[in-house]
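Thanks for making the time, everyone. I would like to talk through one interface today, so please have a look at the sequence and the model before I go on.

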Amino acid sequence: MRSWSSPDIPLLGDLGLGVGPVVQVHDTATGRLRPSDPSGSARLYVCGITPYDATHMGHASTYLAFDLLQRAWRDHGLDVDYTQNVTDVDDPLLERALATGIDWSDLAEREIELFRQDMTALRIIAPANYVGAVETIDLVVSLIDKLDAAGAVYRVDDDLYFDVHADAGFGAVSGLDEQAMLQIFPERGGDPARAGKKHPLDCLLWQAERPGEPSWETRLGRGRPGWHVECAAIALEHLGTAFDVQGGGSDLVFPHHEMSASEATVVTHEPFAQAYVHAGMVGFEGEKMSKSKGNLVLVSALRAAGHDPMAIRLALLAHHYRSDWEWFDDEIAKAEVRLAAWRDAVSRPLAPAGADLLRAVRTAMADDLDAPAALAAIDTWAADDSAADPQAGRTARTAIDALLGVAL
Ligand code: 5CA
Ligand code: ZN
């Protein structure tokens, strides 16, 4: 489906400013920082929205994290091959459509368009491949056929399930034991208690048609894809195996990323991704911000209230992507003060030399995307009134644009 338009990203290397260091990112599967320095393009898959109640600040924070990763990769001289999905047919979307009386595909289209507008306003790099589940039915069917050939599929009534123990490495992404998995599974779309399953953790691959719900005629019968296999199919098709980073919020570690990885590995006999990178959860009023709870701060509402999208971006950048944090309404006012100070600072005819600042920002961002450290370095530079260098303001403006995506 149509993506959105990416912002222009200055290449600091082309401006004679050298290249940034190798990027280190935290991999959930190993619990360690790992260097991410592929030869050729870096391949990135980020799990996209389920399009209802888009775009809240939790979504924005997660997509910003992977925008920062791409900026750091590019600064190191890499090209980036970026794919994102849209879960445009799934239970929560259909439930919301039913509850509001809006056609499910109209609801999805409306929310995807709002998401595109919010991402554009926040200057978030767009995926080259932006792919909906409803565009992916054939790919899913063919992946399920391959899983079946590998002996990993069984039927419960007319639905198809994945036998998670077909993958000897099941559990390697989350590192959770079975008891912990069993606790989380039903909270995140799983159905451990369904009669007829071989193991409670086995997950749905294909759901047979239910009355009043959308379905597609395929050689598996009339139905629609399960959630995890959608992302496995899209990522394999557009990025291949062992791509560099599988990304999303930490609520996707289990079961979603665990299941997608196992389903892909059973078919390809290769790792799904090299690293699993997860953004922390943004909360509001004491709980995780979520569509199902309704405690949302929407990017579009902040924009409609007249807040500069660059201040929204700066408010998000003030938190490390891996931390869980809570949104408070005064965050935007603080970001507006910082934005104004930075705009003044880069406009000075003479400013403190920019080389140290560039080094500090690059070092921070290559070290697991430490945006708060980068912001602190820029604050220090902006507050320093030892005017010396006529180029420094321009260098700082360009570096802040390239590495943090903030247009001053
Ligand atoms: N469509 C699936 C992924 S395939 C999905 O999780 N959709 S979503 O709309 O619920 O979330 C979209 C992205 O935002 C996911 O990466 C999710 O992990 C992330 N996300 C959701 N809520 C929050 C939150 N409160 N804080 C940070 N990230 C969040
Ligand atoms: Zn996904």
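Let me start with a question: how many residue pairs are in polar contact across the interface of domain 1 and domain 2? This is a predicted model, and with both residues of a pair required to be at pLDDT 80 or more, the rule finds 19 such pairs across that interface.

As for which parts of domain 1 face domain 2, the elements that contribute two or more residues to that side are strand 1 (23-27), helix 1 (57-75), strand 12 (273-279), strand 13 (282-284) and helix 8 (299-304). Helix 1 supplies the largest share, with 11 residues. Sorted by class, this side of domain 1 is made up of 28 nonpolar, 10 polar and six charged residues.

Turning to the charged pairs, there are three salt bridges counted between domain 1 and domain 2. I would also point you to Asp-401 and Arg-123, whose side chains form a salt bridge at 3.1 Å, N to O.

Now for the wider frame. The domain assignment of the chain places domain 1 at 12-304 and domain 2 at 309-404, and the C-alpha centres of these two domains are 31 Å apart. Domain 1 gives 44 residues to the contact, while domain 2 gives 29 residues.

The size of an interface is often expressed as the accessible area that is lost when the parts come together. Here, the area buried between domain 1 and domain 2 comes to about 3,000 Å², and carbon and sulfur atoms account for 66% of it.

Terms used:
Residues numbered from 1 in each chain as written. Chains lettered and ligands numbered in written order. Predicted model: local features only at pLDDT ≥ 70, side-chain atom pairs only at ≥ 80, totals over all residues. Heavy atoms only, no water. Domains from an automatic or database assignment. Contact = heavy atoms within 4.5 Å. Buried area = accessible area lost by both parts, 1.4 Å probe. Salt bridge = Lys/Arg side-chain N within 4 Å of Asp/Glu carboxyl O. Polar contact = N/O pair within 3.5 Å; in protein donor to acceptor, adjacent residues only side chain to side chain. Helix = DSSP H or I, 4+ residues; strand = E, 2+ residues; numbered from the N terminus. Nonpolar A, V, L, I, M, F, W, Y, C, P; charged D, E, K, R; others polar.
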